[in-house]
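Work through the exercises below with the predicted model open beside you. Each task is followed by a solution in steps.

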Amino acid sequence: MVIDAISNGIVLDHIKAGRGMDLYQILKLDKLECSVALLKNVTSRKMGRKDIIKIDEVIDLNFDVLGYVDPGITVCIVKDGKLDRKFTVGLPERVTNVIRCRNPRCITTVEPEIPHIFKLTDRENRVYRCIYCESRAKNRD
């Protein structure tokens, strides 16, 4: 299989195998006009198996979403065919409108225009809680 190199764009690497499609949908990559490649179950020395997403355009990405779905993803920004920046995302302290509060008594249920904001309360166990009602978000693992 041959996937062309990108000259200006973003590569999301080291995605846990099976999470690439989740990210594709959450980031709404299907709405982009540029080429997007999703590689699933790619062999990796470091991880065994991984997913990779290549976006053939530099776009604004919500790094909090990346960190929430799969902390440890490597983001590579490519400009003029060369690696411009490379960094790893981690667990964000807060996520906004990524998780929906499931508590029927939460203010976000009654007032739909209020943003769904969750804060990280336990980094080790990846626990996020609603800032309004303290309900625990369902883990992504």
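**Exercise 1.** Determine whether strand β4 is largely enclosed or open, using the burial of its residues.

Solution.
- Step 1. Strand β4 covers residues 74-79.
- Step 2. A residue counts as buried when its relative accessible area is under 20%.
- Step 3. By that cut-off, 5 of the 6 residues of β4 are buried, so the strand is largely enclosed by the rest of the structure.

**Exercise 2.** Identify the partners of β4 and the residues that face C76.

Solution.
- Step 1. Strand β1 pairs with β4 over 5 bridges, in the antiparallel sense. In this pairing V11 is opposite C76 of β4.
- Step 2. Strand β5 also runs antiparallel to β4, and 6 bridges join the two. Here the residue opposite C76 is K86 in β5.
- Step 3. The link from β4 to β5 is a hairpin with 2 residues between the strands. In its turn, D80 has a positive phi of about 55°.

**Exercise 3.** Write down the strand order of the sheet and explain why β2 and β5 each have one side without a neighbour.

Solution.
- Step 1. The sheet is open and has 5 strands, with the order β2-β3-β1-β4-β5 and antiparallel pairing.
- Step 2. The edges are taken by β2 (36-44) and β5 (82-88); each has a single partner strand, so one of its sides is left without a neighbour in the sheet.
- Step 3. On average, and ignoring direction, neighbouring strands are turned by 20° against each other.
- Step 4. Further inside the order, β1 (residues 9-16) and β3 (residues 48-55) run antiparallel and are joined by 5 bridges. K16 is opposite K50 of β3.

**Exercise 4.** Place G18 in the structure and classify its exposure.

Solution.
- Step 1. G18 belongs to the loop between β1 and α1 (20-26).
- Step 2. Its relative accessibility is 42%, and values from 20% to 50% are called partly exposed. G18 therefore counts as partly exposed.
- Step 3. K50 is 32 residues from G18 in sequence, yet their C-alpha atoms are 7.6 Å apart in space.

**Exercise 5.** Describe the largest pocket by volume, lining and residue classes.

Solution.
- Step 1. The largest pocket holds about 340 Å³ of space.
- Step 2. It is lined by 21 residues, and I26, N97, V98, I99 and R100 are the closest to its centre.
- Step 3. Helix α2 (residues 63-69) gives the most to this lining, with 3 residues.
- Step 4. By class, the lining has 10 nonpolar, 5 polar and 6 charged residues.

Technical notes. Residues are numbered from 1 along each chain as its sequence is written. This is a predicted model: local features need pLDDT of at least 70, side-chain atom pairs count only at pLDDT 80 or more; totals for chains, interfaces and linings use all residues. Side-chain values use heavy atoms; hydrogens and water are left out. On a 1 Å grid over the protein atoms alone, a cavity is a set of points where a 1.4 Å probe fits but cannot get out, and a pocket is an open set with protein on both sides within 12 Å along at least five of seven lines; lining residues have an atom within 4 Å of a point. Grid points are joined across faces, edges and corners, and a volume is the space filled by probe spheres set on the points. Helices (H or I, at least four residues) and strands (E, at least two) are DSSP runs, numbered from the N terminus. Ala, Val, Leu, Ile, Met, Phe, Trp, Tyr, Cys and Pro count as nonpolar, Asp, Glu, Lys and Arg as charged, and the others, Gly among them, as polar. Two strands pair if DSSP finds at least two bridges between them. Axes are lines fitted to C-alpha atoms, for helices over the stretch in contact, and angles run from 0 to 180 degrees between N-to-C directions. Buried means under 20% relative accessible area, exposed over 50%, partly exposed in between (1.4 Å probe, protein chains only).
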